[in-house]
Amino acid sequence: MPSFHRLALLACLALPIAGHAAHGDDRSVPFEQPVPASGLAALPPMGWNSWNHFAGKVTAADVRGMADAMATNGMREAGYVYVNVDDTWEGERDADGNIQPNTKFGDMKALADYVHAKGLKFGLYSSPGAKTCAGFAGSFGHEKQDARTYAAWGVDFLKYDYCGARDQYPVTQANQEALFRRMGAALRDAGRPIVYSLSQSGEFDIWTWGPKTGASLWRTTPDISDRWESMIDRGFRQLDLAAWSGPGHWNDPDMLEIGNGGMTDDEYRTQMSLWSMLPAPLLAGNDLRTMDAATRDILLNRELIAVDQDPAGRPAKRLRQEGSIDILVRDMGDGSMVVGLFNRGEASAAAHLAWNELGSRFSAPTKVRDLWRHADVDPGKPLAPVIPRHGVAVFRIYPG
Ligand code: GLA
């Protein structure tokens with residue numbers, strides 16, 4: 001983990017304690033009216049975010065490089081359109097209180113123009129605190145002004161991270177709700193459609209009140225890391241929250257780690273499959289300029305992306321769990337069903353599925369498609385794949 005990332009993480013953990021001790025618990029944020037749904041992000045947003053790979057080291061040149069890669073490697077055509085700069089772009093405010101990018105970024109409007117010229121969209125990060133999670137300038141007291149600045153720069157997506165506000169206010173649901181609504185209203189009035197993405201670790205069941213902040217997605221878990229346990233925990237936790245996710249309002253189990261090097265390709269195939277089945281936002285977090293063919297094949301699995309982007313946006317459910325095999329199913333808008341067989345064990349394992357387990361409609365399927373092998377399989381036989389350690393098989397089944 002880059003040392004900057006570690007520092008930011010420590011800051012996230014340490015600030016609430018320091019903040020409470022320093023100020024006591026009597027400060028509450030004035031109430032803010034609910035903000036209606038924006039109507040943006042009918043489908044889970046897809047794109048790239050700088051944090052997982054670059055953390056505090058990201059520069060404008062890196063971001064331009066990502067946009068170049070996305071416009072030429074098939075990602076843009078596959079639906080990955082947001083190019084999102086996470087924390088550490090922020091500089092000082094000018095005499096009128098306008099936020100300025102720091103020297104790593106220079107001219108933010110020029111960067112947004114560059115990204116737009118590639119047929120992509122541009123995202124930024126801020127916090128309701130005076131400081132962001134990594135200690136840069138946050139939006140506290142400048143929400144309306146910052147929203148107008150973002151609109152003027154051409155920002156299309158804002159990730160708004162509570163972490164930095166923890167040293168200013170006691171961590172209560174009321175305070176979080178008010179501060180998230182405040183920016184939601186500011187974005188609504190900014191004169192440009194900006195997808196609003198909330199970031200905290202799933203405190204206070206944010207999925208129950210996130211929809212009233214104007215946000216289209218909200219993080220439901222602490223930060224992901226590039227490790228199997230971290231990824232699988234965050235992904236599978238979403239099954240219990242399925243009722244709170246759907247078109248225009250998405251649970252967000254955090255960004256993709258695919259291609260960052262800490263997991264095997266089987267494990268990365270599992271993340272792609274699980275996130276697509278949930279469905280969850282698909283925000284790549286690797287260096288797109290240098291990714292290998294296996295990583296590209298995983299991120300660009302068009303048959304899985306079609307699952308993620310199914311307009312019906314119905315959630316995955318667990319069909320059953322047996323030994324190390326976990327079977328998830330998801331109804332697609334066209335009447336087909338997607339079945340994911342996940343091997344969470346430490347050795348390869350055989351999975352079995354009889355068609356009648358999927359209900360009478362699927363007792364004699366007309367077509368069964370393997371979404372990783374990109375081939376049809378014999379619908380006359382039950383499924384019996386052998387699945388590698390931490391691996392997955394995903395099939396799309398069409399009823400008779
Ligand atoms: C928090 C968020 C991360 C990232 C960092 C940036 O930890 O959860 O996703 O945005 O802040 O400082």
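How do the residues of the shell around the ligand divide into nonpolar, polar and charged? A few notes on that, and on the sheet, follow.

1. The shell residues split into five nonpolar, one polar and six charged. Here Ala, Val, Leu, Ile, Met, Phe, Trp, Tyr, Cys and Pro count as nonpolar, Asp, Glu, Lys and Arg as charged, and the others, Gly among them, as polar.

2. Please keep in mind that this is a predicted model, where local features need pLDDT of at least 70, side-chain atom pairs count only at pLDDT 80 or more, and totals for chains, interfaces and linings use all residues. Residues are numbered from 1 along each chain as its sequence is written, and side-chain values use heavy atoms, with hydrogens and water left out.

3. Twelve residues surround the ligand, and Asp 86, Asp 87, Lys 159, Asp 161 and Asp 223 come nearest (near means a heavy atom within 4 Å). A polar side-chain atom of Asp 86 sits 2.6 Å from a ligand oxygen. For Lys 159, a side-chain N or O atom is 2.8 Å from an oxygen atom of the ligand.

4. Now to the sheet: six strands form an open, antiparallel arrangement in the order β11-β12-β13-β18-β15-β16. Strands are DSSP runs of E, at least two residues, numbered from the N terminus, and two of them pair if DSSP finds at least two bridges between them. β11 (317-322) and β16 (375-377) are at the edges with a single partner strand each, so one side of each has no neighbour in the sheet.

5. Within this sheet, β13 (residues 337-343) and β18 (residues 392-398) pair in the antiparallel sense over six bridges. Val 338 stands opposite Arg 396 in β18.

Notes
A polar contact is a pair of N or O atoms within 3.5 Å; within protein, one must be able to donate a hydrogen and the other to accept it, and residues adjacent in sequence count only if both atoms are side-chain atoms. Helices (H or I, at least four residues) and strands (E, at least two) are DSSP runs, numbered from the N terminus.
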